[in-house]
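User: Can you walk me through this model? I'll throw short questions at you as we go.

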Amino acid sequence: FPATSLARPAPAMPSAGPSAAAAAAAVGFAAVGAAVGGAAGRRARRARMLWPCGVTGRAAGGLGRFTFRVSCAALPSIPEVGAEPSTGSSASASPGCEDGSAGMRGLAPDPESLRWNLELAVRQEDFEMASWLQAQIRSSDLERPAIALRGLLSERVRRCVDRGLGVGDCAPVGRAQRLDAVRELQVLATPPGAAASAEDGLHLILRDGVDDEEVVEAAEAALWSCWLPSGDEIIDLCMRKGLKFMGVGDLPKATQAFSEVIAQDPTYAEGWNKRATALFLAEKFDESIEDCARVLELKPRHFGCLSGLGICHLRKGDERTAARWLRKALEVNPRSGDTKRIVADLEARSAFEVLRPRIKEVLAELRTGRPPRVTATAEQVRVVWDACRVKDLDKFTYYFRVAVECLGGPGVTGIARYYAMKHAGGSVFPLSRITQGSAGFELSPGDSYRYSFMLTLDEELDSAQGGLLLRSGEDIFEAVLERLTLSGLQADSGIREADLARLNKGYQFMGRLEIQVED
């Protein structure tokens, strides 16, 4: 599926357009074991041993932050630099090591680790180690040329990704250089001979290149471009025929052409995706959903298929499932404006479906004065709120503060909130809003969100009650705001507006709402 937009609850599929995602492949690095040797009467030079071993972490630009798993017992001893070499040592021995086995006690050095270690040595200005590593790389490349080519390709991809993101040794770089890096990754990710790491790099730029929208859009377009070629001229010709038929609305012939593509190469994801699109346009939603499943087996991060799958379910009337798949598309491509608008619309509709009966219930409780129904808030969140009067000679002004804290679980997202107010005279009224844009929030365990607002009325308030509608995964639940008694708050003991800055410290002020009752 191409990117989609939703103008109505049952939208038409646009003819084209990219919309992309992100996920980076894990890269193995070499851990560093360091020893410091000293010679009496002169400054000792540090000697380092760079050791290929398992490592975990994520690349956050440049070398990133990593957690190394190193067995200290496995590291060879490193004598003082400048000490006499042991008998039998050769010129090819690693600096500070007694044998010529790459300093790794008979273990064959990994070419990619050697190149990373070389970069580390150069950065640390350890030119003795750098020279030795260069010799080891040349020897390794001659012995294992296929592995050497893979290592060179991996290094080329990594540098392109760094340039595309404008990080690492490539920072700072201009937009033109970043766009060139995206184009180079596109070439490397395009069949035949596509490098999976290059596609991973495009996803990484799409996800993390948030500082430049043009670069992100280029990465999105590059992914679409590298997905379309199959690497087989006959299949590509058949794909062009299918696209031509689909473009003029001949959906049966388009479906047949894409079916021929699938028969020739069932592992070609875009063949399944294009047939899913043709079936969607023919309103054969169940068949389209089946093809989407095959696409995601081959390319789980295919953002077009994820959004198309959501639209299929939406056209079938299953808004909950549609929202779930569209949110998955946003996880892959958080900057997809069309998908964001569709999800926001679906969440607004589902929120109001939940809020309407709840608001009616709370208003009835306030009107009759009966105690609030006990509604337990999920243990993963805690919400508190308070209120005070603001000195106002003409009207009744109140200042409210609300604090939400995520205590655990997978995290929560605010989707709506409501308040029920009761006048001193007995009348009640509701306030509600969908929390999107500046009013929205997402909390991970340990995070909190605090906001405040002011309410000005012609009549004094007696009490207030409310709740926040939150989503955790696919579950929607209410975080209850307990009933506040406001009738005892006196204006002469209230705070001045000049003091609100102090009270509002740490809270996001949402604004002042004035409510007037017309006769």
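User: Which residues of H10 are buried?
Analyst: Phe285, Ser288, Ile289, Asp291, Cys292, Val295 and Leu296 are the buried ones in H10. Buried means under 20% relative accessible area, exposed over 50% and partly exposed in between, with a 1.4 Å probe and protein chains only. H10 is a DSSP helix, where helices are H or I runs of at least four residues, strands are E runs of at least two, and both are numbered from the N terminus.

User: How are those buried residues arranged seen down the axis of H10?
Analyst: They fall within an arc of 165°, so they line one face of the helix. The arc is that of the directions from the helix axis to the C-beta atoms. An α-helix has 3.6 residues a turn, so residues three or four places apart point the same way.

User: What's exposed on the face turned away, and what covers the buried residues?
Analyst: Glu290 and Glu297 are exposed on the face of H10 turned away from its buried side. The cover over the buried residues includes H9, helix H11 (303-315) and helix H12 (319-332); contact here means heavy atoms within 4.5 Å.

User: Before I go on, what kind of model is this?
Analyst: It's a predicted model, in which local features need pLDDT of at least 70, side-chain atom pairs count only at pLDDT 80 or more, and totals for chains, interfaces and linings use all residues. Residues are numbered from 1 along each chain as its sequence is written, and side-chain values use heavy atoms, with hydrogens and water left out.

User: What's the mean pLDDT, and where is it below 50?
Analyst: The chain averages 77, and 73% of its residues reach 70 or more; pLDDT is the predictor's confidence in each residue, from 0 to 100. Residues 3-93 are below 50, although that stretch has 191 contacts in the model beyond near neighbours in sequence. Residues 96-107 are also below 50, with 32 such contacts. Where pLDDT is low, the predicted coordinates should not be read in detail.

User: OK, back to helices. What about H8, how far does it reach?
Analyst: H8 (residues 251-264) reaches 20 Å from its first C-alpha to its last, close to the 20 Å expected for its 14 residues. The expected span is 1.5 Å times one less than the number of residues.

User: And which of its residues are buried or exposed?
Analyst: Leu251, Ala254, Thr255, Ala257, Phe258, Val261 and Ile262 are buried in H8. Seen down the axis of H8, these fall within an arc of 160°, so they line one face. Pro252 and Ala263 are exposed on the other side of H8. The buried residues of H8 pack against helix H7 (233-247) and helix H9 (269-281).

User: Switching to strands: how many residues of S7 are buried?
Analyst: Twelve of the twelve residues in S7 (residues 412-423), so the strand is largely enclosed by the rest of the structure.

User: What does S7 pair with?
Analyst: S7 runs antiparallel to S11 (residues 461-472), with ten bridges joining them. S8 (residues 428-434) pairs with S7 antiparallel over seven bridges, and S9 (residues 442-443) does so over two. Pairing requires at least two DSSP bridges. Tyr418 stands opposite Gly467 in S11, and its bridge partner in S8 is Ser432.

User: How many residues sit between S7 and S8?
Analyst: Four, in a hairpin, and Gly426 in the turn has a positive phi of about 110°.
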